[in-house]
Protein chains: 2
Amino acid sequence: MTLSEENYLKAIYHLEPLSKKGVTTNALAEEMQTKASSVTDMVKKLSEKGYAHHKKYQGVTLTNKGKGIAIDIIRKHRLWEVFLVNKLNFSWDEVHEVAEQLEHIKSKKLISQLDAFLEFPTHDPHGDPIPDKTGKINTVDKILLSEAKTGDHCICVGVQDSSSNFLKYLDKNKIALGSAFEVSHKEPFDNSVTIRIENRDLIISNIITSNLFVKIS
Amino acid sequence: MTLSEENYLKAIYHLEPLSKKGVTTNALAEEMQTKASSVTDMVKKLSEKGYAHHKKYQGVTLTNKGKGIAIDIIRKHRLWEVFLVNKLNFSWDEVHEVAEQLEHIKSKKLISQLDAFLEFPTHDPHGDPIPDKTGKINTVDKILLSEAKTGDHCICVGVQDSSSNFLKYLDKNKIALGSAFEVSHKEPFDNSVTIRIENRDLIISNIITSNLFVKIS
DNA sequence: CATAAAATTTAGACAAATCTAAAAATTTGT
DNA sequence: ACAAATTTTTAGATTTGTCTAAATTTTATG
Ligand SMILES: [Mn+2]
Ligand SMILES: [Mn+2]
Ligand SMILES: [Mn+2]
Ligand SMILES: [Mn+2]
């Protein structure tokens, strides 16, 4: 497994659920910040090596073998993000880039010991579930805030977009994982939402509500 | 800086002190487990980029710029080794290979935070000094056990060879960094040495004594 | 359904890092 | 000192991952 192959597997894994069929060449090229022709070459290679299914012009999907590797990389990525936040005092908007590098370190023992050192965390700093060592992922029962109804009592449990800009916006408005609030008003005109959080009212746009995962409590 | 360039700079840095002149192509090839022709190519590149001095057939030395990068890689390598031993319960013979990967992770903040998290260690698990963030290295006053005289009271402060086999031999014989012992006899015939350590006598060969660093106390 | 547009693949090239084999320079040994 | 041995460099090829430009296939549209 080369670094590039690992990154492609991860990208395919993330894109697969967004499209009933296989992942398209252009979608992968966009995700990987590369050209469609490069994607075709790599997809062909992954397919020859048994990590992906691919028929010309028909998009790509992962084999079980490919999926297993992708999940393993994601597990490492998220464990490292927990390490950076919980042990090295990184904030949640600073960890992704470093985790992108750390996820490729190869050592079974390193990851199992890190997992133990972090006391077997189940979620990363963005609320995403950490696959266990067998690849099982505990999916949480969460919805987008934009789906919540007026009067719902919510707990923030994750973010859809984990860009630094969005996370900093949340910080500025004192919204973090675990924050509790009530949907006090939904404005039909622009789909903005007023939430009551820690005794203050906060109006947030539909851009925000459609990137925040919550659990109704 | 590519991964390969970093590894060459580190190798040159380690070999430079062993040879008054520049580091030879063959020595570098041996250290890097590669062919002399590959070394020539890389040395030419490092030289063009200003990391090394190189005149055809005359060996290679580092520029200050190259030395700075090499020291930075070594700093990261040794900090990660401390992390693996002190926090993740690796033993000192298991850390090198993983640190070889971790040393190439690029993040200023990661290293400064890791340094703080480890409480600013000065030496790695093998007794080697950890350069500070400015590149300064605190050289210790240590000698090889083979240089010690009969009657000398020693404290083990480092290893010359940090191969897994050697470190496991030391473990087996309960010799660790910080162990104190006295040189009770030096056998002229084979240069083996008898040491008195924790109330037992231990005979060790000249292979061992010439790979153990001690401080005379 | 027949083109036009868009997506995808192929062909050919390139940079990085390596290799083998051959040539050139240096060092060694008598 | 000079031929032989050794070391180092060069020349040319290979692999990986990328690119541009052209060809092909699929999808959209009148
Ligand atoms: Mn991330
Ligand atoms: Mn994350
Ligand atoms: Mn090491
Ligand atoms: Mn070490």
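Reply: Let's fix some vocabulary before we look: Ala, Val, Leu, Ile, Met, Phe, Trp, Tyr, Cys and Pro count as nonpolar, Asp, Glu, Lys and Arg as charged, and the others, Gly among them, as polar. Also keep in mind that this is a predicted model.

Me: Okay, so how many residues of each class make up the surface near DNA strand C?

Reply: You'll find 5 nonpolar, 11 polar and 5 charged residues there. In total, 21 residues surround DNA strand C, with A:K44, A:K56, B:T2, B:T34 and B:K45 as the closest.

Me: And which part of the strand do they meet, sugar and phosphate or bases?

Reply: Look at the strand atoms within 4 Å of the protein: 75% are sugar or phosphate atoms, and the rest belong to bases. Some phosphate contacts are easy to pick out. The side chain of A:K44 puts a polar atom 2.6 Å from a phosphate oxygen of DNA strand C, and A:T40 does so at 2.9 Å. From the other chain, a polar side-chain atom of B:S4 sits 3.4 Å from a phosphate oxygen of that strand. As for elements, α2 (25–32) and α3 of chain A and α1 (3–15) and α3 of chain B each give two or more residues to this surface. The largest share, 5 residues, is from α3(B).

Me: Now for DNA strand D: which residues are closest?

Reply: A:T2, A:T34, A:K45, B:K44 and B:K56, out of 20 that surround DNA strand D. Here sugar and phosphate make up 76% of the strand atoms that come within 4 Å of the protein. Two phosphate contacts to try: a backbone N or O atom of B:N26 at 2.8 Å, and a side-chain N or O atom of B:T40 at 2.9 Å. There's a base contact to show too, with a polar side-chain atom of A:S37 lying 2.9 Å from a base oxygen.

Me: How do I read the relation between the two protein chains?

Reply: The general idea is that two copies of a chain are related by a rotation about an axis and a shift along it. In this model, a turn of 180° with a shift of 0.0 Å along the axis lays chain B on chain A, with an RMSD of 0.0 Å. That makes it a two-fold axis. To find the axis from chain B, go to B:L102, whose C-alpha is the nearest to it at 3.8 Å. Both copies use the same surface, as 100% of the contact residues of chain B recur in chain A.

Me: On to the metals. Which residues coordinate the manganese ion (ligand 1)?

Reply: A:H77 (NE2), A:E81 (OE) and A:H96 (ND1), at 2.0 to 2.1 Å. Their spacing along the sequence is H-x3-E-x14-H. Because A:H77 and A:E81 are 4 residues apart in helix α4 (residues 64–86) of chain A, about one helical turn separates them. A:E81 also bridges to the manganese ion (ligand 2), 3.5 Å from ligand 1.

Me: Are A:H77 and A:E81 buried or exposed?

Reply: The cut-off for buried is under 20% relative accessible area. A:H77 has 7%, so it counts as buried, and A:E81 is buried at 2%.

Me: What coordinates the manganese ion (ligand 4) in chain B?

Reply: B:E81 (OE), B:D124 (OD) and B:H126 (ND1), at 2.1 to 2.3 Å. B:E81 and B:D124 link distant parts of the chain, 43 residues apart: B:E81 is in helix α4, B:D124 in the loop between α6 (108–117) and β3 (143–144). Both B:E81 and B:D124 are buried.

Terms used
Residues are numbered from 1 along each chain as its sequence is written. Chains are lettered from A and ligands numbered from 1 in the order in which they are written. This is a predicted model: local features need pLDDT of at least 70, side-chain atom pairs count only at pLDDT 80 or more; totals for chains, interfaces and linings use all residues. Side-chain values use heavy atoms; hydrogens and water are left out. Donors are N, O and S atoms within 2.8 Å of the metal (3.2 Å for Na, K and Ca); water is not among the atoms, so sites may look incomplete. Buried means under 20% relative accessible area, exposed over 50%, partly exposed in between (1.4 Å probe, protein chains only). A residue is near a molecule or strand if one of its heavy atoms lies within 4 Å of it. A polar contact is a pair of N or O atoms within 3.5 Å; within protein, one must be able to donate a hydrogen and the other to accept it, and residues adjacent in sequence count only if both atoms are side-chain atoms. Copies are superposed by least squares on the C-alpha atoms of residues with pLDDT of at least 70 in both. Contact means heavy atoms within 4.5 Å.
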